[in-house]
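I opened this entry to look up charged pairs and one helix, and I put down each item in the order in which I came to it.

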Amino acid sequence: MGGVPTDLTSALADVRTLLLDAPHLARAVAAGRRKGTEPPAAERVEVRPVLLKAGPHLQFTARTGPVVSTRNVPVDAAGEAVDDLLAEPYGNLHVETATEVVQVRVTKKGEAQVHRAAARHQAGPAGHDKAKNRLVDPDDPLFRVLGAGGDKRRQVEAFVRQLAPLAPAVLSRPGERVRAVDLGCGNAYLTFAAHRWLGDAAAAEGKVLTTVGVDVREDVVATGRRAAAEAGLPGLEFAVGSIAGAEPYGGPDAPDVVMALHACDTATDEALARAVRWGAPLVLAAPCCHRDVQRQLHGNRTPLVRHAILRERFADVLTDTLRSLVLQLLGYRVEVVEFIDSAHTPRNALIRAVRNGSAPRAAARADLLAEFDELTRTWGVSPALARMLEPELAAVRTAAGAQAAL
């Protein structure tokens, strides 16, 4: 059939047959809502065949916003689960089998518009019980102590995966101690998981790790201390303090690793500024909202930022671009990467910075300054990180001017 209106009951019966034919099913997706109906129980449900130790199953993964739930149903008992799914008022059904793609769209009149196309997909139950290569065991008691759900575990696993390849920059340094700090640690999911992994990596190099989680809330810090004791994590400490004024180690000792996960607005800039002034060898920051630059763009009426949603998204990009330029000017090698799929959190950008040990060469410095100045002048913004590190950037400009005068 090629888009011809079809009786909905017959179309759903065909889809049911395809879903229950596990050896030939690749996957199926139910999404959208029919006109004039209440929304379905979940925004989106994906069905795929999987092979568990107990035999072939259909796996149903339901998603509504950030909430994800999964259940596995034996194939020979999946009829009721499939019927429940097809009884929901989804407006679109997409089924991929070994030989075709079938799409069903429910029209305003309640009829089914069915499209079929030949295709080849790997079908049938796929092995699903194989062990995954986790850096932080999802069954680690620390997650139980923290009450961390699946989404939060995936976020910290993804964050630690970004830390792992850069850790040698710290672990190869002389000295027996490694010092880390999580600025604005909040519920401390990242603090605990990073301490667990980095502590093991440090021990393998004959070093000892100390990690300090810093937060302004005394109750959060007290909870972190209790949880660290319950989880049995030596070397994990918590301190009350602001990000801008944090001195987790005091005296001449400074952190080797600075982390900040979803510190709101200019709190990320405060964390980056502290890291620069500490001379931290390794910095990882996952920014949250970018209201500082967004507010400065408010009066700009160019088409790119005229609409609020576009202004918000552009502010995200512009802010992190300017942050990366500032860090590069001050001697860091910088990458801005996606550390986890946006399905888990829309705030999924990560700034990774490794200190080079020296300022950029004259030509590179001149290019970076030109790029920074052009962006700030074009958009009429003064980014928070540049304001916080004004003396350091002024020294860079002075050095660039002296070089140009030679």
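**Salt bridges**

I began with R217, which forms a salt bridge with D219, and I noted 2.8 Å between the closest N and O atoms of the pair. I should record here that the model is a predicted one. For burial I looked up both partners: R217 is partly exposed at 47% relative accessibility, and D219 is likewise partly exposed, with a relative accessible area of 44%.

I then asked which residues are joined into one network by salt bridges that share partners. I found R27, R44, E46, R48 and E96 in that network, and I went on to two of the pairs within it that involve E46.

The first entry is E46 with R27, a salt bridge in which the closest N and O atoms lie 3.5 Å apart. This pair links distant parts of the chain, since E46 belongs to strand β3 (residues 44-52) and R27 to strand β2 (residues 25-31), with their positions 19 residues apart in numbering. I checked whether E46 is buried or exposed. At 15% relative accessibility E46 counts as buried, because the cut-off for buried is under 20%. R27, with a relative accessible area of 22%, is partly exposed.

The second entry is R44 with E46, whose side chains meet in a salt bridge at 3.6 Å, N to O. R44 has 33% relative accessibility and therefore counts as partly exposed. For the structure as a whole I wrote down a total of 18 salt bridges.

**Helix α6**

I turned next to helix α6, which covers residues 189-204, and compared its length with expectation: at 1.5 Å a residue its 16 residues should span 22 Å, and the end C-alpha atoms are 23 Å apart, which agrees.

I also asked how many of the 16 residues of α6 are buried. The count is twelve, so the helix is largely enclosed by the rest of the structure. Among the buried residues I listed the aromatic-lettered entries Y189, F192 and W197, together with L190, L198, H195 and G199. Just after α6, I noted that G206 takes a positive phi of about 75°.

How values were computed
Residues are numbered from 1 along each chain as its sequence is written. This is a predicted model: local features need pLDDT of at least 70, side-chain atom pairs count only at pLDDT 80 or more; totals for chains, interfaces and linings use all residues. Side-chain values use heavy atoms; hydrogens and water are left out. A salt bridge is a side-chain nitrogen of Lys or Arg within 4 Å of a carboxyl oxygen of Asp or Glu. Helices (H or I, at least four residues) and strands (E, at least two) are DSSP runs, numbered from the N terminus. Buried means under 20% relative accessible area, exposed over 50%, partly exposed in between (1.4 Å probe, protein chains only). The expected span of a helix is 1.5 Å times one less than its number of residues.
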